[in-house]
Structures are given as C-alpha cells and as structure tokens.
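Work through these short exercises with the model in view. Each task is followed by its solution.

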Amino acid sequence: MAGVFRRILLASHGTPGARAAESAALDLVAEGGSIRHLYIVADFWHGMTGDDWLNNAGSRMRYESHLEAELEKDARAEIDRLSAQAAARGVAYGHVVAVGKPANTLLEVAAGGGLDLVVIGAPRPKGVKGHRSRLDVEPLVKGLGVPLLVVPHPGA
C-alpha cells in the first residue's frame, strides 16, 4: 500500500510518536504527491505569562517574548527537518503552524479540503518520558471527511 496517497495532511511536532507518523506519511505518499505538515502549538502555552511568579509587567513581557521565540525556534527546526526529508524523497512539502486545541485545529486545517489522508501519531504510552500533548481522536473520527491513520508509538 506504499505510495498510494497524493495529498496527505500530517500532524507532527517532532516527538518520537510524531516522527513515527512522519515516516508512515513519507512511505504512503505517492510519487508526485504532497505532504502538508501541520505543526500545532497547543493553546495551553498561550496563557504562560509567568503571572504567578514574575512580579512586574516588564518581566512578564520579556518572559512572554522569550517563550514565543523558543516555541518559534522549535517549530522552525521541525519544519526544516521534515522539509529536508520530503525533498530527499522528491515529495512536495508545505507547512502550517497554528496555535490552538490540537483536534479542533486539525479539523479546521483539514476542512480546507483536497486531502486523501490525515496521519497522526498515537499517544505516548504510560511510563515513557516526554511531552504529552493530548490529541482527542474521537472528534477527528467523527469530523474528518477523509481516512485517518493513527500510527503506533515506537515505544508501544
């Protein structure tokens, strides 16, 4: 079944589970096909201003700017890495960076249409250390108008 999908939406933020999804998407994209990479910054970061421990507005603004710069740097690194992998395979690559609730954001981007498949990684198994960004799969199963592939976590 390798290489049969022409337009894939891939949600990935670079964790081991997301990288497993990336590998699957790269294997499943057809020759001449494309991958649209969705990098979601979970909305819980939006409220991180340090209000609970920074005691003045200037400090909070510097902290918020620092946090935004770090999140942007992380996103750029993942975009550059995946773009290079796609280019090495001759796959057209595009990306979207969005802030929001992961499932809602994925549904909004997918609503643009023209997709053959959506690929995401499975949640990190209990006991495996790392970032835990919750992506509720049920709304995707109900709301996507295209097939959804949930790739198993490599630690499962």
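**Exercise 1.** Find which residues A25 touches, leaving out those up to four places away in sequence.

Solution. Take contact to mean heavy atoms within 4.5 Å. A25 then touches I8, L10, I35 and V119.

Before going on, note that this is a predicted model, where local features need pLDDT of at least 70, side-chain atom pairs count only at pLDDT 80 or more, and totals for chains, interfaces and linings use all residues. Residues are numbered from 1 along each chain as its sequence is written, and side-chain values use heavy atoms, with hydrogens and water left out.

**Exercise 2.** Place A25 in the largest nonpolar core, and say which elements supply that core.

Solution. A nonpolar core is a set of buried Ala, Val, Leu, Ile, Met, Phe, Trp, Tyr and Cys residues joined through side-chain atoms within 4.5 Å. Buried means under 20% relative accessible area, with a 1.4 Å probe and protein chains only.

- Step 1. The largest core has 17 residues; I8, L10, A25, I35, L117, V119 and V151 touch the most other members.
- Step 2. At least two residues each come from β1 (5-11), α1 (16-28), β2 (29-42), α2 (57-88) and β4 (117-121). Helices (H or I, at least four residues) and strands (E, at least two) are DSSP runs, numbered from the N terminus.
- Step 3. The top contributor is α1, with 6 residues.
- Step 4. Another core lies apart from this one: it has 15 residues, including A11, L115, V118 and L140.

**Exercise 3.** Describe the order of elements and the burial of the chain.

Solution. Count 4 helices and 5 strands. From the N terminus, they run β-α-β-α-β-α-β-α-β. Of the 156 residues, 39% are buried.

Note on methods. Buried < 20%, exposed > 50% of the residue type's maximum accessible area, 1.4 Å probe, protein only.
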